[in-house]
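User: I would like to learn how to read a strand and its surroundings in a model, taking the general idea before the case.
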Amino acid sequence: MQRVKKRVEQSMKSVDIRVSSCLFMLILLVGCSGLPDREALQESERLNPLDISGLRFWDESSVAVENYDLEAELVAIAAKGEHKGEINHLALSGGGVNGAFSAGILNAWSDLGTRPEFDVVTGVSTGAIVSIFAFLGSEYDQELYNYYTQTSLGEMFKRNSLLMLPFNHAMIDASGFEKKVRRAIDVSLVENLAKERSKGRVLLISTTNLDNEKMAIWDIGKIAQVGTDEARTLIQDIVIASSAVPGAFPAQRIALPYKGSLVEELHVDGGVSRQVFLFPQQLKVRTSDEHVKNNIYVIRNGHLKPEYEETEAKFSTVSYRAISILIRRQGIADIEHIYNFSHHNQLGFNLAYIDSDFVKHGLDLASQEYLQAVYRYGYEKMMQQGLWSNSPPSLM
């Protein structure tokens, strides 16, 4: 009896130790999650990155940007369209590894010889990466192909230890990804971005500012035209931030000049705000007249139709499945918004997405084989010229 009692006491002691350890870790998590006093950030949306006005503006906000009028930019694009007979917009969505889908489409488009020069390109999350290459044109097709098919995800992303999570601020070590982005966005590429912006073409990439809960929209070409090392670093930071899935990847700090010092905003994935966008929500400008053909191309790097998949009643499985549904539904709403804008202004609407005919063949989503399969799917659908839909499947 004494022996049994002793074992029970030892077991209870072991439980107490585990509970105490868990409480200690929880305290660490709470302590590490506290933010320092950041009163200056209440004014940050009025601050100028690089101390230069006109490099970014905000969605769903009336905050004025000095020396920058997006509506005037679009009117200028419309005027240019009168000479060439058309205006082409490309909107690239988020979607993680499914960004290989848009890479396949763009490269096939080049091979068909029908790919237009886009007047306005917008990118969110993985679409932010693709948008850089899409904006610069077909001469960057090989770089785009290599980026999405020739790099192992293991080289870019490594899982952090759960025990070290309170000190790492994210589940994934994305240092390999960050290095890859900074290598890709080099001096030569930034110079080319600046040249294209001088032609009146516009490249917009979005991030989500966690401090003010707004979507920041960055004019990448204007930043490139600044021509400094700091401007190149800012473009790199924006692309990294736009792809930073909250919790999984580290949030990106973007510094702004403030009263002789610096204040840091915390930015994450643009997809938190919107999965894809064409213009800021508050913009009501019509971008062309009846004599100019206005083409809007939206590429959704993911599925829009429901997919049946038996779900286990486990915390991880249920959570993952619910978030996947939430993201899909958000993407549908964002696309419907663009479609309604296009329909109201009598603009040509073209949508591409991963349809139910894509077969995964049991591939691991984190494998290089999956990336290559998604790339081939986008490439072949474009080559077969059976890719574009004139309305979202939700409205058919």
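Reading a strand and a cavity

Analyst: Three bridges join strand β1 (residues 56-58) to β7, and these two strands run antiparallel; strands are DSSP runs of E of at least two residues, helices are runs of H or I of at least four, both numbered from the N terminus, and two strands pair if DSSP finds at least two bridges between them. This is a predicted model, in which local features need pLDDT of at least 70, side-chain atom pairs count only at pLDDT 80 or more, and totals for chains, interfaces and linings use all residues. Residues are numbered from 1 along each chain as its sequence is written, and side-chain values use heavy atoms, with hydrogens and water left out.

User: Which residue stands opposite A216 in β7, and how many bridges join β6 to β7?

Analyst: W58 stands opposite A216, while six bridges join β6 (residues 202-209) to β7, again in an antiparallel run. β6 and β7 form a hairpin with four residues between them, and E213 in the turn has a positive phi of about 60°.

User: Are the faces of β7 buried or exposed?

Analyst: In a regular strand the side chains alternate between the two faces of the sheet. Here K214, A216 and W218 on one side and M215, I217 and D219 on the other are all buried, where buried means under 20% relative accessible area, exposed over 50% and partly exposed in between, with a 1.4 Å probe and protein chains only. Six of the six residues of β7 (residues 214-219) are buried, so the strand is largely enclosed by the rest of the structure.
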